[in-house]
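This report describes selected residues and helix contacts of the structure shown below. Individual positions are treated before the packing of helices.

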Amino acid sequence: MKESYHSVAFNSQPGKGELAVLFSGHSQTKPRHRVGPQVLDYHLVHYVVSGRGTFRCMGIDYDLERGDSFFIFPGELVSYESDEADPWCYRWIGFKGPRADEYLSGLGISQHHPVASTKQHRRMTALYHQIERTLHKRPPHADMQSQGYMRLVLAEYAEDLIVEAIPKKEAPGIQQQVEQAIRWLTLQYHQPISIESMAQTLGYHRTHLSKMFKQHTGMAPMNFLLKIRMERAKLLLHEALTVEQVASSVGFGDPLYFSKQFKKWYGRSPSEYRQDQTTNPYDCSQ
């Protein structure tokens, strides 16, 4: 069995230009290692170095292997899982920018066509590695250098790109219902939410929705909502916001109750977590 590992480097001062790299990393996953379902607020691309796995986006499964890439768009519900017999090793880049969608669209990549396959495996692997290496070393112009390498990555996709050449499978009806509920929670997490209000909004019976949700995710809807809120709070604590402002931003009217829940979830209070400057909020391997 392959030994699992992961490494992440992040940009401490990402620029505000048309395309900025936030972080980069690589991971050899464990068998059946699963990420999500989740919704991100930045772009994220994974390049499969070896092994196999499945990426799910908009209710469709894509079976991926060496040389394939999958793209995650902000606000899009996704999940991905490594193969049981041959778990994948992949590299990833998180990025943002007002022209990110435009650049990807020019390559034929969108939420409806989120996967691609390239033949220049050695070149692509080297470029992903170089971005992570640059962010690890943190030279004075790391942001500018990483942006340059990111443009080379996109140019490489443009040079030899095969869009939607990946086998895909439609999701069953019940699973689509659950994913609809997950999407609703991830977009409404900052609002007061109850199972009753969610079920009524989505047009499902409360008991049926709760049962199906737990069967497919392993968590009750309200526990899943708490997970979303805590993960979002962890990101916001890296911003110039007070703990009270973070609590309010993730749906907690009482900052003391928020702090208790955060400590129960992560083993540290929000203030203690914020003091740990080495913590990377963008870890795509977990």
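Asn11 is buried, with a relative accessible area of 8%, in this predicted model. Its place is the loop that joins strand 1 (5-10) to strand 2 (20-28). A polar atom of the Asn11 side chain lies 3.0 Å from the backbone oxygen of Val21. Leaving aside residues up to four places away in sequence, Asn11 touches Val21, Leu22, Phe23, Leu135, Asp143 and Ser146. Val21 thus appears both as a contact of Asn11 and as the residue whose backbone oxygen faces a polar side-chain atom of Asn11.

**Ser69 and Val115**

Ser69 belongs to strand 7 (residues 68-72). Its relative accessibility is 0%, so Ser69 counts as buried. The side chain of Ser69 makes a polar contact, at 2.6 Å, with the side chain of Tyr157. When residues up to four places away in sequence are not counted, Ser69 touches Val45, His46, Tyr47, Pro114, Val115, Ala116 and Tyr157.

One of these neighbours, Val115, is located in strand 10 (residues 115-117). Val115 also counts as buried, because its relative accessibility is 0%. Val115 and Phe55 are 60 residues apart along the chain, and their C-alpha atoms are separated by 8.8 Å.

**Loop positions Arg32 and Asp83**

Arg32 is placed in the loop between strand 2 and strand 3 (34-39). Most residues other than glycine have a negative phi. For Arg32, phi is near 65 degrees, a positive value in a residue other than glycine. With 49% relative accessibility, Arg32 counts as partly exposed.

Asp83 lies in the loop between strand 8 (77-82) and strand 9 (89-96). Asp83 counts as partly exposed at 28% relative accessibility. A polar atom of the Asp83 side chain is 2.9 Å from the backbone nitrogen of Ala85. Outside the stretch of four places to either side in sequence, Asp83 touches Pro31, Arg32, Arg52 and Gly53. Arg32 is therefore among the residues in contact with Asp83, as contact means heavy atoms within 4.5 Å. The C-alpha atoms of Asp83 and Lys30 are separated by 8.6 Å, with the two positions 53 residues apart along the chain counted as their separation.

**Ala158 and the cysteines**

Ala158 is part of helix 3 (residues 142-159). Its relative accessibility of 49% makes Ala158 partly exposed. Ala158 and Trp88 are 70 residues apart in sequence, and the C-alpha to C-alpha distance between them is 24 Å.

A disulfide is a covalent bond between the sulfur atoms of two cysteines. How many disulfides does a search of the whole structure find? The search finds zero. Cys57 counts as buried, at 3% relative accessibility, and Cys89 likewise counts as buried, at 8%.

**Helix packing**

Two packed helices are described by the angle between their axes and the distance between the axes. The table gives these values for two pairs.

| Helix pair | Angle between axes | Distance between axes |
|---|---|---|
| Helix 5 (residues 195-202) and helix 6 (residues 206-217) | roughly 100 degrees | within 9 Å |
| Helix 7 (residues 221-236) and helix 9 (residues 255-266) | about 95 degrees | 11 Å |

Helix 5 and helix 6, whose axes cross at roughly 100 degrees, are therefore roughly perpendicular to each other. From helix 5, the contact involves Ile195, Glu196, Met198, Ala199 and Leu202, and from helix 6 it involves Arg206, Leu209 and Ser210. By class, the residues of this contact are five nonpolar, one polar and two charged.

Helix 7 and helix 9 pack at an angle of about 95 degrees, which makes helix 7 roughly perpendicular to helix 9. On the helix 7 side, Asn223, Leu226, Lys227, Met230, Glu231, Ala233 and Lys234 take part, and they meet Phe258, Gln261, Phe262, Trp265 and Tyr266 of helix 9. The contact of helix 7 with helix 9 comprises seven nonpolar, two polar and three charged residues.

How values were computed. Residues are numbered from 1 along each chain as its sequence is written. This is a predicted model: local features need pLDDT of at least 70, side-chain atom pairs count only at pLDDT 80 or more; totals for chains, interfaces and linings use all residues. Side-chain values use heavy atoms; hydrogens and water are left out. Axes are lines fitted to C-alpha atoms, for helices over the stretch in contact, and angles run from 0 to 180 degrees between N-to-C directions. Helices (H or I, at least four residues) and strands (E, at least two) are DSSP runs, numbered from the N terminus. Angles under 35 degrees count as roughly parallel, over 145 as roughly antiparallel, 65 to 115 as roughly perpendicular and the rest as oblique. Ala, Val, Leu, Ile, Met, Phe, Trp, Tyr, Cys and Pro count as nonpolar, Asp, Glu, Lys and Arg as charged, and the others, Gly among them, as polar. Buried means under 20% relative accessible area, exposed over 50%, partly exposed in between (1.4 Å probe, protein chains only). A polar contact is a pair of N or O atoms within 3.5 Å; within protein, one must be able to donate a hydrogen and the other to accept it, and residues adjacent in sequence count only if both atoms are side-chain atoms. A disulfide is a pair of cysteine sulfur atoms within 2.5 Å.
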